Amino acid sequence: MDTVARIKAAVIREASPGERRVALVPDAIGRLQPAGIDVLVESGAGDGAWLPDAAYADAGASIVSAAELYRTADVILTVTRPSPGALSELRKGQAVVGMLAPLADPELAAALAARGVTVISLDGLPRTLSRAQPMDALTSQSNVAGYKAVLVAAGEYGRFFPLLITAAGTARPAKVLVLGTGVAGLQAIGTARRLGAVVSGYDIRPSSKDEVTSLGATFLELTSVGSAAGEGGYARELTDAERQAQQDELTGHIARHDVVITTAQVPGRRPPLLVTEDAIKAMSPGSVIVDMGASALGGNVSGSQPGETVVTGNGVTIVGADNLPATVPAAASAAYSRNISALLLHLTRNGELAIDTSDEIQAGVVIAHDGAVVHPGVASLLQRAEGGAGVDGPSH
Ligand code: NAD
């Protein structure tokens with residue numbers, strides 16, 4: 001007989017404007033149930049990803065109203081930060097699991113901790129740990145974003161990406177430059193190559209050269225700046241002198257490309273400016289830039305705004321990419337669902353959440369528990385903010 005305790009994990013309907021992803025797809029439900037996890041789904045949660053309530057019900061979930069969800073759930077599953085209204089429903093003993101960007105918004109974790117809510121964020125995962133890879137939502141969503149960035153660029157570009165030889169003439173292939181060749185950048189390179197473009201990639205971490213060339217792209221080497229490899233495979237922030245040298249040298253390269261896709265991020269910092277106003281002025285009319293680093297704090301490209309497309313006086317289209325994974329909602333949700341399910345299974349013992357921050361994975365993802373912010377990085381940001389030092393525009 002089954003004597004295992006059971007917890008209720010509930011999928012909310014995402015509320016941010018334009019957000020079409022959903023935290024779990026129906027396929028996940030059968031994998032969670034044997035571990036003592038019953039799934040509740042807020043009615044309409046999957047609509048944006050073409051997953052109707054009936055698909056969840058058929059897979060064994062209970063379809064509930066928002067009110068019932070917050071009243072009965074033990075664990076709330078979300079893609080991004082829930083709305084203020086939803087957050088105010090959370091109560092002591094409940095847990096929320098999602099991509100909550102606690103480094104960008106440590107106050108959210110503090111407010112939930114004060115109410116006794118356990119806060120678990122996938123963006124804190126130790127990504128280089130091989131057993132954590134199935135849970136790596138930053139990677140899965142960056143892959144989707146890198147792919148879509150190329151399609152967005154191709155859509156804005158007034159010519160072909162591939163070499164086309166037809167009776168009406170020969171079109172030369174587009175020259176695409178990808179700045180920042182982490183997960184999103186490498187996926188962008190692969191996608192642009194598949195569309196037939198001639199692709200170059202550049203990153204401040206020289207170790208990415210082999211990855212770039214193995215995809216059939218050329219690695220751009222700058223002579224004026226060396227390596228800025230930081231901790232954990234990430235880049236460090238450049239000094240002012242390095243940044244200036246990088247911008248100056250990149251300007252010449254940028255002008256020789258038709259399409260530039262920027263993905264550069266430095267954890268805990270605002271995205272570095274790689275494409276300056278001078279670089280944009282040097283580009284040919286009809287060129288396209290997609291800035292995946294676009295944020296309210298500024299992006300990789302001078303003048304880009306998240307969610308906005310502008311055409312400059314010299315005819316360069318600049319797309320401020322905003323939540324690209326949400327624009328590929330079925331694929332992004334399927335991947336995210338795998339990530340969050342793997343994490344949930346890792347956190348669950350005998351039908352209960354077993355919080356244990358001595359575990360390396362949990363130490364990264366558990367942000368608040370038992371009424372306190374337990375994640376050292378988030379706690380120190382809060383202390384700095386209390387001391388008046390402020391928070392310098394984190395990227396994740
Ligand atoms: P990210 O989103 O933090 O940044 C994107 C890229 O921007 C990085 O490659 C970074 O080096 C680059 N960048 C930052 N500042 C720059 C500048 N001034 N000029 C040019 N490029 C700049 O990075 P990410 O995609 O999350 O990946 C970061 C690293 O983590 C990579 O080394 C990746 O291979 C590694 N990673 C490893 C695993 C794993 O081991 N399973 C999983 C995911 C990522």
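A polar contact here is a pair of N or O atoms within 3.5 Å. Keep that cut-off in mind for the ligand views, and note that the model is a predicted one.

**View 1. Backbone and side chains reach the ligand.** At Ile204, a backbone N or O atom sits 3.5 Å from a nitrogen atom of the ligand. Two arginines come in with their side chains instead: Arg127 places a polar side-chain atom 2.7 Å from a ligand oxygen atom, and for Arg205 an N or O atom of the side chain is likewise 2.7 Å from an oxygen atom of the ligand. On its own the ligand would expose 830 Å², and the protein buries 87% of that.

**View 2. The shell around the ligand.** Pull back a little and 25 residues surround the ligand. Arg127 and Arg205 turn up again among the closest, along with Gln133, Val183 and Asp203. What is this shell made of? It splits into 10 nonpolar, 11 polar and four charged residues.

**View 3. Two domains in one chain.** The domain assignment cuts the protein chain into domain 1, made of 7-116 plus 329-386, and domain 2, covering 144-327. Their C-alpha centres are 33 Å apart.

**View 4. Where domain 1 meets domain 2.** Here six residues of domain 1 are in contact with five of domain 2. The size of an interface is often given as the accessible area lost when the parts come together. For this pair of domains, the buried area is about 470 Å², with carbon and sulfur atoms giving 53% of it. On the domain 1 side, Arg21, Pro329 and Ala332 lose the most area to domain 2, and together they make up 57% of what that side buries.

**View 5. Polar details between the domains.** How many salt bridges link domain 1 and domain 2? The count is zero. Two residue pairs are in polar contact between the domains, both at pLDDT 80 or more. The side of domain 1 that touches domain 2 has two nonpolar residues, one polar and three charged.

Methods: Residues are numbered from 1 along each chain as its sequence is written. This is a predicted model: local features need pLDDT of at least 70, side-chain atom pairs count only at pLDDT 80 or more; totals for chains, interfaces and linings use all residues. Side-chain values use heavy atoms; hydrogens and water are left out. A residue is near a molecule or strand if one of its heavy atoms lies within 4 Å of it. A polar contact is a pair of N or O atoms within 3.5 Å; within protein, one must be able to donate a hydrogen and the other to accept it, and residues adjacent in sequence count only if both atoms are side-chain atoms. Accessible areas come from the Shrake-Rupley method with a 1.4 Å probe; for residues, only the protein chains shown count as cover. Ala, Val, Leu, Ile, Met, Phe, Trp, Tyr, Cys and Pro count as nonpolar, Asp, Glu, Lys and Arg as charged, and the others, Gly among them, as polar. Domain bounds come from an automatic or database domain assignment. Contact means heavy atoms within 4.5 Å. Buried area is the accessible area (1.4 Å probe) that two parts lose on being put together, summed over both. A salt bridge is a side-chain nitrogen of Lys or Arg within 4 Å of a carboxyl oxygen of Asp or Glu.
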